[in-house]
Amino acid sequence: MRPTSFLRFFLGTLVGLSALCIINAEDPYRYFTWTVTYGTISPLGVPQQAILINGQFPGPTIEAVTNDNIVVDVINKLDEPFLITWNGIKQRKSVWQDGVLGTNCPIPPNTSWRYKFQTKDQIGTFSYFPSTKFHRVAGGFGGFNVAHRSVIAVPYPIPTEEFTVLVSDWYKTSHKALQQKLDSGIPLPLPDALLINGLHGSATFSGQRGKTYKFRISNVGIATSINFRIQGHTMTLVEVEGAHTLQEVYESLDVHPGQSVGVLVTLHGSVKDYFIVASSRFTKPILTTTGILRYAGSSIKAAGPLPIGPTYHIHWSMKQARTIRLNLTANAARPNPQGSFHYGTIPIVRTLVLANTAAKIGGKLRYAVNKISYVDPVTPLKLADWFNIPGVFNLNSIKDTPTPGPASLGVSVIGTALHDFVEVVFQNTEPTLQSWHLDGSSFYIVGYGSGNWTPDMRRRYNLADAVPRHTVQVYPYGWSAMLVSLDNKGMWNLRSAIWARRYLGQQLYIRVWNDEKNFFTENDIPQNALFCGKAHH
């Protein structure tokens, strides 16, 4: 063999082996061990029981990068079965890790279970919280941030630092007492207060004058919409639940239950302290809590008056929501522009109009969707589906549109095919704001409106740059419309993000299915899967 030929052969072999190594290389792993316990905290000056993770309230923040493999060992030291769900993490091909009772058996007391999932093709600001019983009202929640890979550009200058901001409503009453109220058919009262990062009036964020910081804000409360603002500063919205937005500037922002946003704040003021304010929306009375934005070197405490925010102004909130648009030219988790998915041109194969109602069933308060108030079966739906266990659920047990007549208890499952493109309209028949969340996918929010939705409303849809979110608000006596590509096989929870309503039946599941078992569309059942009900090893 000539030297030149040998060199070409050697280099070709080396390139081939390098490519093979790259193909076989796994994305990074991040390991966490979380011990879940009860503990005593006093955010409102009164000692009370809370759910802690590794002794922390709120729980630890997960900091990840696109495509990271996340491994979380959860050790349950509570006196009840327990699950954590990952709010906004799509669990692509991995519904087994979703952490809700339709997909997972709960972790029994004094045992542990390992979650293992990937932040596949995602960036953004998310959260996690307990999904079992009424545990969420006692804590157990935290932030979950997914940063972009270094090879993917972001459409704004890299901030000096990022802050995770968890705003929650809070009760002095224990979660078990509140759960007993609901079990007795008694609606919950207004929360006692709002907290920022588990604190009432003392959360502090520090930075240097002239620098820009990213605030990742999540509403992890169980019921209350909030308005967020910073005294003397504006906020530039750059990201909503994993989507880069047009960079509009706001003096204050509404964030509804279950939602998350990312904003940039430049410290351009005098060197002193400034109030950070979160106040409730659509409540009487208005709940308010504060934190502190502290400039480095400040010796001047924050002073009033607090910046004024909206209170009950529904039209104001709806108008603001319509200004949140997708940045079509920016990249998200992948190098292709966000606008390359032309959702507005895809034919709709099915329309779901889902109406929420309050009802009395058996003399007790329940909440229903299209007259069905959901009850969790003892066997998770996904296990029943995987093992063909009869008698757990029936497909299309809930109608596609609202029906007349009394509400009843049931197991609501809507059957769809993998890659169906579906229009979902949430119709709010009540005088209170609703908040809806979908696991497994994001939906393009194409319209908000007042009154009853009709097909004529489609003429008002935003079919160009609507923002995809996992949680959407529906205003009192109004509607919100979305378009969603169901491209993630599994059994996915569609639920009220207002937890008392979800607990009393305002939820259902969407089964996204095809007739082949294929690793490219869905992972096999994990070896450590828990079994319960009719599902056995």
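**View 1. The open five-stranded sheet of this predicted model**. Five strands, taken as DSSP runs of E with at least two residues and numbered from the N terminus, form an open sheet in the order β11-β20-β19-β13-β17 with mixed pairing, where two strands pair if DSSP finds at least two bridges between them. At the edges stand β11 (203–207) and β17 (252–255), each of which pairs on one side only. Neighbouring strands of this sheet are turned against each other by 20° on average, direction ignored.

**View 2. Strands β19 and β20 within the sheet**. Strand β19 (residues 273–280) runs antiparallel to strand β20 (residues 288–295), and seven bridges join the two. F275 has I292 in β20 as its bridge partner.

**View 3. Helix α3 on the sheet**. Helix α3 (residues 314–322), helices being DSSP runs of H or I with at least four residues, packs on the sheet and touches β13 (226–230) and β17, with contact meaning heavy atoms within 4.5 Å. The direction of α3 makes about 95° with that of β17; axes are lines fitted to C-alpha atoms, for helices over the stretch in contact, and angles run from 0 to 180 degrees between N-to-C directions.

**View 4. The hairpin of β1 and β2**. Six bridges join strand β1 (residues 29–41) to the antiparallel β2, and G39 stands opposite A50 in β2. Six residues lie between the two strands of the hairpin, and G45 in the turn has a positive phi of about 85°. Strand β2 (residues 48–53) is mostly covered, with five of its six residues buried (under 20% relative accessible area, 1.4 Å probe, protein chains only).

**Notes.** Residues are numbered from 1 along each chain as its sequence is written, and side-chain values use heavy atoms, leaving out hydrogens and water. In this predicted model, local features need pLDDT of at least 70 and side-chain atom pairs count only at pLDDT 80 or more, while totals for chains, interfaces and linings use all residues.

Note on methods:
Buried means under 20% relative accessible area, exposed over 50%, partly exposed in between (1.4 Å probe, protein chains only).
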